[in-house]
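Reader: Please take a close look at a single part of this model, the metal site and the strands around it. A connected account would be welcome.

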Amino acid sequence: MDAFITRKKRKLSPSAPVERVKTAAADDQEDNEPTEFKLAMLASLYPALEADTLLDVLLAHNGSVPAASTALTKAPTKKPRLSGGVPGAQTCLQSFGQTLHLYTPESISAQTPCTLIPSFLPPQLADTLLTELLVESETFSSSTFKLFDNIVTSPHSSCFFVSSDLSASSIKADYLYNGSTLTDVRPLTSHLEIVKPLVQEAVNAEIQKRIASKYGGKKLRHQSTHEWHPNAAFVNRYAGGKESVGWHSDQLTYLGPRAVIGSLSLGVSREFRVRRVLPTDEDGKKDADAEGQIAIHLPHNSLLVMHAEMQEEWKHSVAPAQVIDPHPIAGNKRINVTYRDYRPEFHPRYTPRCKCGVPTVLRVVQKKKENFGRYFWMCHAGNVPGKTGCDFFLWAEFDEDGNPLWEKLKSKGENKLG
Ligand SMILES: [Zn+2]
């Protein structure tokens, strides 16, 4: 669901310095538009093509609508549809050829911001958790968000589960997602509770290994020094190869900067794709080669640790699959449990409120070299059906360990940038 933070693009004048910073933020926002939003744009341009085709071409072009549109324009448009092949599909297949496929834990930790632990749980426990969540997921709903005046549904379903130390009623009342509160928040199921400490132990061990082997022995700036303590789990269900999720980074609003996430895969094996976010320089250039897609294959009962550098510097997606190997228990379904550490210091009672009176969302500049990696707070009320957002913008302030410096923020006030 973190993928589906969206808002209408604002028309901003590029002249004034303050406005220029806001434009950079708006550009980042555009890059973060959900795939469904981009698909709807392409569908309006190419009404004769099926959504699957448009999605393939869009994914092959790293989610860029202009690049996908160019590829589709160049393709012959009057050919009949062949088996899985369509106008533009050739371009798309060539791009897929550039994807690097990784299967081993060694290659994954060397080339991506993740580590993979195959056969993570005792097999019986993994099967029991899977069985429990398959039943539970029958009542999951699809995320919805606003696209112009329409409510759009995401192509997979999900649900939010919380540990007893993070009350479900507080999550419902105080925390905003897509600009509105969640109505369906469930306590962790008995087996999500049983598995939680196992994930906690493994993730903390992997964080230490990562610091030693990849960060030169020193944690990242703004990475927390506290032990990672999962108290919530976002559970996704992908029923069949067509269900997917577009390119996105997970929302940091309640996790804080340099967040770590423990992601357990159950059932059908699917491709999890990652790509590095590269900012453009002043001429709008970037190194296209360095932005290639990497596909990580996530088998049943594997734990993927998404490390502290991931959400700020990489985007991820679950690609649609043409063919899937049915799983003996799950059939065509993949269940994905993402354990998260909701930090108390990021409770929405503390976060800045925008002019709409709602707690703001934490974002990071990803698209422009200028201010790359800087965090900021902005309005997300525009995602609520029937509402438009405001232009609230405030650079975030954290100490070395990623603790928010709320007092410093208050003294700065809104829009006093720099
Ligand atoms: Zn607002």
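Author: Along the chain, the donors of the zinc ion follow the spacing C-x1-C-x22-C-x10-C. The model is predicted, with local features needing pLDDT of at least 70 and side-chain atom pairs pLDDT 80 or more, while totals for chains, interfaces and linings use all residues. Residues are numbered from 1 along each chain as its sequence is written, and side-chain values use heavy atoms, without hydrogens and water.

Coordination comes from the SG atoms of Cys354, Cys356, Cys379 and Cys390, at 2.3 Å; donors are N, O and S atoms within 2.8 Å of the metal (3.2 Å for Na, K and Ca). The angles among the 4 donor atoms are 105 to 113°, and the site is tetrahedral (four donors, all angles between 85 and 135 degrees).

Cys356, in the loop between strand 15 (333-340) and strand 16, and Cys390, in the loop between strand 17 and strand 18, are 34 residues apart and link distant parts of the chain. Strands here are DSSP runs (E, at least two residues), numbered from the N terminus. Cys390 is buried at 12% relative accessibility, whereas Cys356, at 35%, is partly exposed; buried means under 20%, exposed over 50% and partly exposed in between, with a 1.4 Å probe and protein chains only.

An open antiparallel sheet of 3 strands has the order 16-17-18, where pairing requires at least two DSSP bridges. Strand 16 (361-364) and strand 18 (393-395) are at the edges with a single partner each, so one side of each lacks a neighbour in the sheet. Strand 16 is joined to strand 17 (residues 375-378) by 4 bridges, and Val361 stands opposite Met378 in strand 17.

Conventions. Tetrahedral: all angles 85-135°; square planar, octahedral: opposite > 155°, others 65-115°.
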